[in-house]
Amino acid sequence: MTMIAASLPAPRTASSAGPAVRVQDVRKRYGAVQAVDGVSFEVAPGEVFGLLGPNGAGKTTTVEMLEGLRAPDSGQLEVLGIDVARNPDDLKQRVGVTLQTAELYPKLTVVEVLDLFRSFYKRSLPTNQLIEFLDLGERRTAQTRQLSGGQRQRLAVALALVNDPEVIFLDEPTTGLDPAARRSLWDLVQKLQGQGKTILLTTHYMEEAEVLCDRLAIMDHGKILALGTVNELVARRFKDRSVRFDEIAALDDDQLKALPGVESIKHDEGETVLYTQDVPATIGGVLALTESLGVEPGNLGIRRPTLEDLFLDLTGRALRD
C-alpha cells in the first residue's frame, strides 16, 4: 500500500463541551448471559480509545449500544452529548460505523457503493476525495467482490467516513487481515486521529491496542477490569519484571514461590512466569533448583511486564489471536 497523501477537511466542531463518548453503568443481558455488566468509561474528543478483550468479552455489544443498534437494559450512553437510547436518529448524521462483519454489495463498484452511501446523509464528502484518502484509486471501478481483504476493510472505513463524522466506531477493524494489511489500517487510524477524529475501536490484538490507543479498557465477561494508558496500567499492577522459562513437570509452585525475589507465579500455555523484584537472585535460584533436579530451564529469559502480562494477571489466562 502506498502512503496516503490526501487529507480530509477540518473536522466539524462538536457541539458538546464534555466528553465525546460517555458510558455510565451500562448493562445488557441475552437470556442467561450477562453480556455487559455495569460498564462505565469516557472518551475525550480527538482520542483513540480501545476496548481490549477476547471474543465474548462484551466489546461488540457495548459498541453496538453506543451506535444505537441495540438498546441497553439499564445505564446511560451519550455520544456528542446526545442520549443514544432516546435520540438515536439525531446521532446517525454525526458518527461513522465500521461493523465487525460488513457485507458490501458484491456487484457494485467502489465508486457506486460510495455514491450510494453518500446519498443517505445530508452532508457528505466527495467520492473522489474518499477514494484518494483510502488509497483505492486503482480499484475505483472494481466490483467489491473483486477486492482483497485489506481493500475491503479500507472501503468499509471509507463508507464510515462518507458523512465526515465526528466520532468513528471501528469494531475489530483488522480481524482476518495479513500483517501488511493490518499495518496499513493502523496507519489509517493514526491519520484519522491526525484529522481530529475521535475513534473508539475494539480489538483482541495486544500490539494493536499498544500502538493505536491513547487509553484503553480491558474487558472480560462483560466487565471492565482495568482502564488507563498502557504505561499506567502496567505500572499500576507491576513493580517487577518477569522471568520466563518452559514449564518443568518436576517443579511445583511451592518450590518456585520459595525462590528469592519471587512475588507471584503464572502459567501461560506451557510457560512458567515468575514475577520478581530481584532478577539476578531469582535466576540464580531457578538455575540452582533445576540443576539439583538434573534438568535445564528451556528458553529462560527476562522481560519487563507488558500489556499481555497485565491481561494474564487480571484474568488468569492469556489473550491470544
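This passage describes the strand pairing, nonpolar cores, a surface patch and selected residues of a predicted model.

Four strands form an open sheet, and their order across it is β2-β1-β4-β5, with antiparallel pairing. The edge positions belong to β2 and β5 (82-83); each has a single partner strand, so one side of each is left without a neighbour in the sheet. Strands of a sheet pair through backbone hydrogen bonds, in either the parallel or the antiparallel sense.

Within this sheet, strand β1 (residues 21-30) is joined to strand β2 (residues 33-43) by eight bridges, and the two run antiparallel. One of the paired positions is Tyr-30, whose bridge partner in β2 is Val-33. The hairpin of β1 and β2 has two residues between the strands, and in this hairpin Gly-31 adopts a positive phi near 60 degrees. Strand β1 also pairs with strand β4 (residues 74-79), in the antiparallel sense and over five bridges. In this pairing Val-23 lies opposite Leu-77 of β4, and Arg-27 lies opposite Ser-74 of β4.

The largest nonpolar core contains 50 residues, and those with the most contacts inside it are Leu-114, Leu-155, Leu-216 and Leu-307. Helix α6 (residues 179-194) supplies the largest share of this core, with six residues. A second core, separate from the largest one, has 27 residues, among them Leu-66, Val-84, Phe-169 and Ala-217. For Leu-114, when residues up to four places away in sequence are not counted, the residues touched are Thr-127, Leu-130, Ile-131, Leu-155, Ala-158, Leu-159 and Val-162. Leu-155 therefore appears twice in this account, as a residue with the most contacts inside the largest core and as a residue touched by Leu-114. At the surface, Leu-69, Val-97 and Leu-99 make a nonpolar patch of about 240 Å². Of these residues, Val-97 is placed in strand β6 (residues 95-98). Val-97 has a relative accessible area of 30% and is thus classed as partly exposed, a class that lies between buried, under 20%, and exposed, over 50%.

Two residues that are not glycine have a positive phi. Asp-164 takes a value of about 50 degrees although it is not a glycine. Asp-164 is placed in the loop between α5 (149-161) and β7 (167-171). With a relative accessible area of 0%, Asp-164 is buried. For Asn-299, also not a glycine, the positive phi is about 55 degrees. Asn-299 is found in the loop between α10 (279-293) and β14 (301-303). The relative accessible area of Asn-299 is 61%, so Asn-299 is exposed. The two loop residues thus fall on opposite sides of the classification, Asp-164 being buried and Asn-299 exposed.

A further position is Glu-263, which is placed in strand β12 (residues 262-267). Leaving aside neighbours within four places in sequence, Glu-263 is in contact with Asp-240, Tyr-275, Thr-276 and Gln-277. Between Glu-263 and Pro-280 the separation is 17 residues in sequence and 14 Å in space, taken from C-alpha to C-alpha.

Technical notes. Residues are numbered from 1 along each chain as its sequence is written. This is a predicted model: local features need pLDDT of at least 70, side-chain atom pairs count only at pLDDT 80 or more; totals for chains, interfaces and linings use all residues. Side-chain values use heavy atoms; hydrogens and water are left out. A nonpolar core is a set of buried Ala, Val, Leu, Ile, Met, Phe, Trp, Tyr and Cys residues joined through side-chain atoms within 4.5 Å. Buried means under 20% relative accessible area, exposed over 50%, partly exposed in between (1.4 Å probe, protein chains only). Contact means heavy atoms within 4.5 Å. Patches are made of residues with over 30% relative accessible area and no salt bridge: like charges are joined within 9 Å, nonpolar side chains (Val, Leu, Ile, Met, Phe, Trp, Tyr) within 5 Å. Accessible areas come from the Shrake-Rupley method with a 1.4 Å probe; for residues, only the protein chains shown count as cover. A salt bridge is a side-chain nitrogen of Lys or Arg within 4 Å of a carboxyl oxygen of Asp or Glu. Two strands pair if DSSP finds at least two bridges between them.
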